[in-house]
Amino acid sequence: MYSSSEVRQCHLLFRSSSAPCCACIISVTRTAADPLLHTPEQEGITKTRLRLSTVLFVQKTPDLTTGLTFQKALLLYSYYFIKSMYLDSMSEGVLHESLARGQDALHFWQGIPTSAEVSSRFNDVTQPELLVTVVTARRYEGTDFHYLLQVMQQLDGILRGCGERRCAEVLVCDVESGPLENQDAKLLEPYFRVIRRSPREQLGNRDQVNTFEREKRDYVFCLRKGWELLKPKNIIVLEDDALPRLDFFKVVKDLLSRRFALHTLYIKLYHPERLQRYWNPEPYRILEWVGLGLVGATALLLILPYWNPCLFSFKLSTSHLLFFTLYFMVTAELLGRHYLLEVRRLSPQLYAVSPATECCTPAMLFPGNASLRVADYLDSSFCYKGNAKDIVLYQIARTTPGERSHSVEPNLITHIGAYSSVRVNPARPKLL
Ligand SMILES: CC(=O)N[C@H]1[C@@H](OP(=O)(O)OP(=O)(O)OC[C@H]2O[C@@H](n3ccc(=O)[nH]c3=O)[C@H](O)[C@@H]2O)O[C@H](CO)[C@H](O)[C@@H]1O
């Protein structure tokens, strides 16, 4: 058994030079208990041991994580993924990864000294080009995953990569207060500006409303408060389980430089991967599908004669074009639109913008003062199960004259929240 100071020393060593500590950790992890498997034999494991094993697991993961994420990215959303064979084990694997990252993030934030260099990120800027507000509520399940800390660690890393000129100001909007403290948000207080309601406002908000209405009111509060405090030129609102990808700010900057951004109510930066197929009907997606088929078929029919000179005398007809169009469409769907979209990550300019899709709001960009309009629109609606804030917002943008909304693809964030703070969670969450 290892004492916590040994573990801490090991952890710090690992940070500064990975090799020696990796060896020490790998030898230990083989015997460490797995905190995610609640088998009867493990019921007796003490809390300290659980914590220890998680810390050790964190250190073990870099190779495993990459491997698993690669497999997951390769298979999960494909038609060839055999759910009955792989879903359970893959879901467990991803939960382990996330738990490891959560514990890593916890140690990261616990270990940072509140030095001048770090706290300089707590800026007194007004009217920044971009404000990122992270909305966070206390979770009752999956607290060990520390989603908020993971997100903030990632944001911190990306912001450091921006160089001298900061890409964005960051606010954490903690919608809890009083006795129900959000410990993760508290831990971030020395490093980021954390905003909360006053206890009086909080009482009023929690008064007898359903979870979805409460979630909406919290969102409205965060939108307005961010605007009041900094008057930013643009706002992004991230939910606390929306992990930004490394090119996040580059793509956002490019989006904001495009003309359409001046006339949109919001730009969705995430849509669930499982809903990205051509077979999930969205009008623009059908157009994209047919267009892809036509371009592929035309290119093939033009190239074929050069490839095989005998075909120069062959007469090409509309039915050939139709056949190959269908052929390319079916091939694209069988390959998986989700995977084809990945090619767009080559450059921010290649990210596609289309009319907004309905589901989910984990990452939303509100250009200009659109956040204020959104806050007003949401304020005038009432949310309940089946009519959560994402549905309401979609309907508003569709039905209000003069308002438009957009989605960007591929996703700019990864949704890491296996446990919902709004809905009832299954005992063991699944990836699909
Ligand atoms: C990935 C995904 O599909 N997420 C969607 C899903 O959220 P989920 O069911 O995944 O819930 P979640 O736990 O991610 O919570 C969504 C957000 O609401 C915040 N929160 C939660 C409880 C509360 O009382 N107050 C509060 O502000 C929480 O901190 C988080 O930022 O459904 C929501 C609507 O219901 C939104 O459409 C989310 O985008």
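1. Transmembrane annotation. An unreviewed UniProt entry places the feature "transmembrane region" at residues 286–307 and 319–336. The model here is predicted, so the two spans can be compared with the record only at that level. Residues 286–307 are 100% helix and 0% strand. Their end C-alpha atoms lie 31 Å apart. Residues 319–336 are 94% helix, again with 0% strand. For that span the end C-alpha atoms are 26 Å apart.

2. Ligand shell. There are 24 residues around the ligand. Those that come nearest are D218, T361, S420, S421 and R423. Sorted by class, the shell holds 11 charged, 8 nonpolar and 5 polar residues.

3. Where the shell comes from. Which element gives the largest share of the shell? Helix 9 does, with 4 residues. Helix 9 covers 211–230. Strand 1 (131–136) and helix 15 (389–399) also supply at least two residues each.

4. Polar contacts to the ligand. Three are worth checking by eye. At S421 the partner is a polar backbone atom, 2.6 Å from an oxygen atom of the ligand. At S420 the partner is an N or O atom in the side chain, and the distance to a ligand oxygen is 2.7 Å. E239 also uses a side-chain N or O atom, at 3.0 Å from an oxygen of the ligand. Taken alone, the ligand exposes 760 Å². The protein buries 93% of that area.

5. Sheet. How many strands form the open sheet, and in what order? There are 8, arranged 3-2-1-4-8-6-9-7. Pairing is mixed. Strand 3 (193–195) and strand 7 (352–355) are the edge strands, each pairing on one side only. From one strand to the next, the twist averages 25°. Strand 1 thus appears twice in this note: it has a place in the sheet order, and it supplies at least two residues of the ligand shell.

6. Strands 6 and 9. These two run parallel. Strand 6 takes in residues 266–268 and strand 9 residues 405–409, with 3 bridges joining them. Within this pair, K268 stands opposite S407 of strand 9.

7. Cis peptide. The bond joining E409 and P410 is cis, with omega about -5°. E409 falls within the 405–409 range of strand 9. P410 sits in the loop between strand 9 and strand 10 (413–415). Keep this bond in view when the backbone here is inspected.

8. Positive phi. Which sign does phi take at H146? It is positive, about 45°, although H146 is not a glycine. The residue lies in a loop, between strand 1 and helix 6 (147–160). Strand 1 is thereby tied to a further feature: the loop with H146 lies between this strand and helix 6.

Note on methods. Residues numbered from 1 in each chain as written. Predicted model: local features only at pLDDT ≥ 70, side-chain atom pairs only at ≥ 80, totals over all residues. Heavy atoms only, no water. Near = heavy atom within 4 Å. Polar contact = N/O pair within 3.5 Å; in protein donor to acceptor, adjacent residues only side chain to side chain. Areas by Shrake-Rupley, 256 points an atom, 1.4 Å probe, with all protein chains shown as cover. Nonpolar A, V, L, I, M, F, W, Y, C, P; charged D, E, K, R; others polar. UniProt positions renumbered as here; feature names shortened; annotations may be inferred. Pairing = 2+ DSSP bridges. Axes fitted to C-alpha atoms, helices over the stretch in contact; angles between N-to-C directions.
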